[in-house]
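Subject: The structure and some notes on it

Hello,

Here is the structure I wanted to pass on to you. Have a look at it first, and then read on for what turned up.

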Amino acid sequence: RFPCVLKAAIGTWGSDMCIARSVEDVERFMTKSRVPNESMILQELAPGKLEYSTTLLVIHGTIFDYICTRYEYDREEYIWPDAN
């Protein structure tokens, strides 16, 4: 189902990712990507201008600290860091 996000199966922090709107977009991106095709995944695109992120400090299974961050972007569909 399109649109979706095409990206490496293991995190690349926004590089080698694209929003695919068609099978042709997927094929075009995979020919340009530095990531081997078998390492790519399609992920559902969850549109929205808001993103929430939580980071935990965990030592030996115990949460010692956390921080929650709210990001607001200028459009409904984006791939970080290509967002304002």
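The notes below go through the strands, the core, a pocket and one leucine. Please keep in mind that this is a predicted model.

**Strand β1 and its partners**

A good place to start is strand β1, residues 4-8, which is mostly covered, with four of its five residues buried. It pairs with two other strands. With strand β2 (residues 18-20), β1 forms an antiparallel pairing over three bridges, and there L6 stands opposite C18. The pairing of β1 with β3 is also antiparallel and runs over five bridges. In that second pairing, A8 has M40 of β3 as its bridge partner.

**The nonpolar core**

Which residues make up the largest nonpolar core? There are nine: C4, L6, A8, C18, A20, V26, F29, V35 and M40. At least two of them come from each of β1, β2 and α1 (23-32), and β1 gives the largest share, with three residues. As background, nonpolar side chains in soluble globular proteins tend to be buried together.

Both bridge pairs mentioned above belong to this core: L6 and C18, and A8 and M40, are on its list. A20 is another member. Leaving aside neighbours within four places in sequence, A20 is in contact with F2, P3, C4, D25 and V26. Of these, C4 and V26 are core residues too.

**The second largest pocket**

If you like looking at pockets, try the second largest one, which has a volume of about 150 Å³. Its lining consists of R1, F2, P3, C4, L42, Q43, E44, L45, P47 and E77. Strand β3 (residues 40-44) supplies the largest share of that lining, three residues. By type, the lining divides into six nonpolar residues, one polar and three charged. C4 links this part to the previous one: it lines the pocket and is also part of the core.

**L56 in strand β4**

Finally, please look at L56, which is in strand β4 (residues 50-59). Is L56 buried, partly exposed or exposed? Its relative accessibility is 48%, and because buried means under 20% and exposed means over 50%, L56 counts as partly exposed. L56 and Y66 are ten residues apart along the chain, yet their C-alpha atoms are separated by 4.5 Å. Setting aside neighbours within four places in sequence, the contacts of L56 are I63, D65 and Y66.

Do write back with any questions.

Best wishes

Terms used
Residues numbered from 1 in each chain as written. Predicted model: local features only at pLDDT ≥ 70, side-chain atom pairs only at ≥ 80, totals over all residues. Heavy atoms only, no water. 1 Å grid on protein atoms, 1.4 Å probe; cavity = no way out; pocket = protein on both sides within 12 Å on 5 of 7 lines; lining within 4 Å. Points joined across faces, edges and corners; volume = space filled by probe spheres on them. Nonpolar A, V, L, I, M, F, W, Y, C, P; charged D, E, K, R; others polar. Buried < 20%, exposed > 50% of the residue type's maximum accessible area, 1.4 Å probe, protein only. Pairing = 2+ DSSP bridges. Core = buried A, V, L, I, M, F, W, Y, C linked by side-chain atoms within 4.5 Å. Contact = heavy atoms within 4.5 Å.
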